[in-house]
Amino acid sequence: MSGGIHFHDHAAGAEDSSTHTTPRQLPADVRGFVNRTHELDELNAVLADEDGQPLVISVCVIAGTAGAGKTSLALRWAHQVQDRFPDGQLYVNLRGYDPGEPVTAPEALHRFLGALGVRPRSVPQDVDAAAALYRSLLADRRMLIVLDNAATVGQVRPLLPGSAGCLVVVTSRSRLSGLAVRDGARRLTLGTLPQPEAVALLRAVTAGYRPEDDLEKLTELAGLCARLPLALRIAAERAASRPHMKLDDLIADLRDESGLWEALSTGDDEEAEAVRTVFAWSYRALPDSAARLFRLLGLHPGPEFGLHAAAALAGLTAPRARQLLDSLVGAHLLEQTAPDRYQFHDLLRAYATDQAQHEEPPEGRTAALRRVLDWYLHTADAAQSWISPAELHLELSPPAAEVRPLSFADFDVAVDWAEREHTNLLQAVRVAADTGDDRLAWHLSAVLANAYSPSAPVADWPTVGRIGLAAACRLGDRRGEAQLLTELGMSHTRNNRLGESHENHSAALRIWRELGDRAGEAHSLNLIGLVHLHRRELTRAADLFEQAITAFREQDAAHWEATVLSNLAGAHDRAGRLPEAFTAARRALTSHRALNNPRGEGNILRLLSHLELEQGEAEKALASARDAVDIALTLRDHRLEGYWLLALGDAQQANGRSADALASYQRSATLHRRLGNQSREALAWNSTAEVYRRLDRHEEAAHFHRRAVAVHRELGDTWDEAMALDGLAEALFADDPEAALGHWTEALALLADYDDPRAVAVRDRIARRRTR
């Protein structure tokens, strides 16, 4: 492909990670020999208007029966017209008809945003925020988006751009009428190949491998394949691999094939029978070892997998598994998507699963599934050592002798693996629970929480976390229950579901105390304290942090003691207890530096900058904030950078650097918008307004204060809403004192229930301001 194209395969566990920017080759279907001139002409008509320029917005749905060549046509055409889309092409296989889990719109958005240059940690977790960012990034670009194998309109609609310059091509077995009615999509219905093209495909695949076959016989073979491209390619490969066998004999074998499978309905009975027959015909020609691997792969949790997972599933060495996988790829029963990475066509996966059910004894299926799930568990445990090194590892039973988990050389390699296997790991938890292996289900769920890909949506884990919790409860494993309750509580805090978070952490705390686990109790105390800190229940938060610090000190857990000390410093700062905040912050900074914990160090420097401003030490505050932002940049963490830029902007304001402060706030707002954190974006707007107010640009100040008020009110951020109302009143007071007094009255009402020293001081200041 030409430079500038970002063409990502977003299939479950695809080799490409969302941060990978090197263009990859299109899926193998594009190398088919299907002409389809008429349909290509129709696609070209969709592309151009009267001036030959790309349409403002267009959606084209290519619909057809299974195996009709929709993907081949779409991808071939995409190659032909890539010069019309100078900003690139995006591709996703939505796997709408796969026997396993389809790719959801949030998953596809997450990968698309990565392909468009958004760093993984900056991708919003909320689907609406992610879709809005996606549309904004496409707003000034000319791109072709191919949404392959969609089952429902719901999979597609969040992936549609919202402005000029882009064309979307959707392939589906369904007509997706809703896209035509609501989104103005044009539909192209794809049937089977015309006879001449079906014969041409057979000739092209077999050319050079066998003598030229009789046209009449090739026509008969094409008819037996219902002229469906997938069936034709498999049949042609079978013929090419037997160059000395007469085509008559191959046709007779195909006619005699009676091992039809019933797991799939493809729509048209004649076409369904042809596809089933060709699959069985090709499968029964495999050597026993390759046939066994093929059907066992039907048990794999997802349609896409790596070499080592396949080896574990079949109990083989990696070199032997690679040999067999290569033979399956050669027979068109698997597709190789990257080095040591493979995937099924959804029809073939269903066929393989059915063959495993019929030909593998129950104990064989159970053993194979246990091997591959064990492989995922132990490999994820190895990844945890890099991704969450401070977290304790579960005590796991050793894997079977045939299971050889991976190890990782560094952080990046571990994260790459976690990104590739994200969907498979989630599905592995579900499969373990569905097969009644509760211990494996909760172990997988808990290990995944600590080996979670930093780029994966945070909303994905709670579902399997609840599955793991239910499994631990069925076993009566109280330690497992407490651990999963803790993980669920943290997940809910990240998603701002504070009530559920408090409930989970409180339940975990009761279990830790029941078990006499002092370290577990300390973690729960800290995490409940964070919930109270988010709610600005500062006295209660500080008390819980003090208890957690004592417990961690008893356990000689220096990392966690320093972490909770940082939280305590933050609680004292918010309450306006500055001496206590300074003491805790300086102790925490010393500890984080001794532990070589840059994240902890940067967070405390951010807090120290704020405290130094309150002490009137503006130059020190600026230095501390700069150091914090430098750490965030070194870590390449947009979440930390965006938050710590607020402290830098405040310090720049205090040092009279208004232009620099505006730049910091603007950058912070942009980053938080990308992250989907509306509350912190509104904080950046409110700080921007303060700069304008100091510059006597009151109209602009009022504009940004109003935006902040609206967002904080919608989110229920009572304290921050009150602060924004106070600033709005100040901006309006000179020109509209009556409106200003009204806003101060609102602010006082919002602050009435807070009793910490900072809140009391703010209320007194506003009350005095109202009486001037």
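**Salt bridges, aromatic pairs and a small sheet**

At 16% relative accessibility, D477 counts as buried; here buried means under 20% relative accessible area, exposed means over 50%, and partly exposed covers what lies in between (1.4 Å probe, protein chains only). The structure is a predicted model, in which local features need pLDDT of at least 70 and side-chain atom pairs count only at pLDDT 80 or more, while totals for chains, interfaces and linings use all residues. Residues are numbered from 1 along each chain as its sequence is written, and side-chain values use heavy atoms, with hydrogens and water left out.

Some overall figures help to set the scene. The protein has 35 helices and 8 strands; helices (H or I, at least four residues) and strands (E, at least two) are DSSP runs, numbered from the N terminus. Of the 772 residues in the protein, 56% are buried. Among contacts (heavy atoms within 4.5 Å) with a separation of 6 or more, 67% are between residues 24 or more positions apart.

Charged pairs come next. Side chains of opposite charge can pair when their charged atoms come close. The whole structure holds 32 salt bridges, each a side-chain nitrogen of Lys or Arg within 4 Å of a carboxyl oxygen of Asp or Glu. One of them involves the buried D477, whose side chain meets that of R439 at 3.6 Å, N to O. R439 lies in helix α19 (residues 438-450) and D477 in the loop between α20 (461-475) and α21 (478-494), so this salt bridge ties together parts that are 38 residues apart in sequence. Unlike D477, which is buried, R439 is partly exposed, at 42% relative accessible area.

A further salt bridge joins D340 and R322, with an N to O distance of 3.2 Å. Here D340 belongs to the loop between β7 (335-338) and β8 (341-343), and R322 to helix α14 (residues 318-330), so the pair connects parts that are 18 residues apart in sequence. D340 is partly exposed at 28% relative accessibility, and R322 is partly exposed as well, at 32%. R713 and E721 also form a salt bridge, at 2.6 Å from N to O; R713 is partly exposed, at 44%, whereas E721 is buried, at 7%. Salt bridges also link R284, R295, E359 and E360 into a network.

Helix α14, the home of R322, also takes part in the packing of a sheet. Strands of a sheet pair through backbone hydrogen bonds, either parallel or antiparallel. In this open sheet, 3 strands follow the order β6-β8-β7 with antiparallel pairing, where two strands pair if DSSP finds at least two bridges between them. The edge strands, β6 (304-306) and β7, each pair on one side only. From one strand to the next, the twist averages 35 degrees. The antiparallel strands β6 and β8 are joined by 3 bridges, and E304 stands opposite Q343 in β8. Helix α14 packs on the sheet and touches β6, β7 and β8, with its direction making about 40 degrees with that of β8. For such angles, axes are lines fitted to C-alpha atoms, for helices over the stretch in contact, and values run from 0 to 180 degrees between N-to-C directions.

Aromatic rings form another set of links, with 15 aromatic pairs in the whole structure. The ring centres of F733 and W744 are 5.7 Å apart and the planes stand at 50 degrees, so this pair is tilted. Rings of Phe, Tyr and Trp (its six-membered ring) pair if their centres lie within 6.5 Å, and planes under 30 degrees apart count as stacked, over 60 as edge-to-face and the rest as tilted. F733 is partly exposed at 23%, while W744 is buried at 0%. Ring pairs also gather F279, Y283, F294, F305, Y342, F344 and Y351 into a cluster.

Charges over ring faces (NZ of Lys or CZ of Arg within 6 Å of the ring centre and within 35 degrees of the ring normal) complete the aromatic picture. R680 lies over the face of Y643, 3.6 Å from the ring centre, and R536 over that of Y754, at 5.8 Å.

A last stop is L425, in helix α18 (residues 422-434). This leucine is buried, at 3% relative accessibility. Not counting residues up to four places away in sequence, L425 touches Y376, A380, W417 and L448. The C-alpha atoms of L425 and L444 are separated by 7.8 Å, although the two residues are 19 residues apart along the chain.
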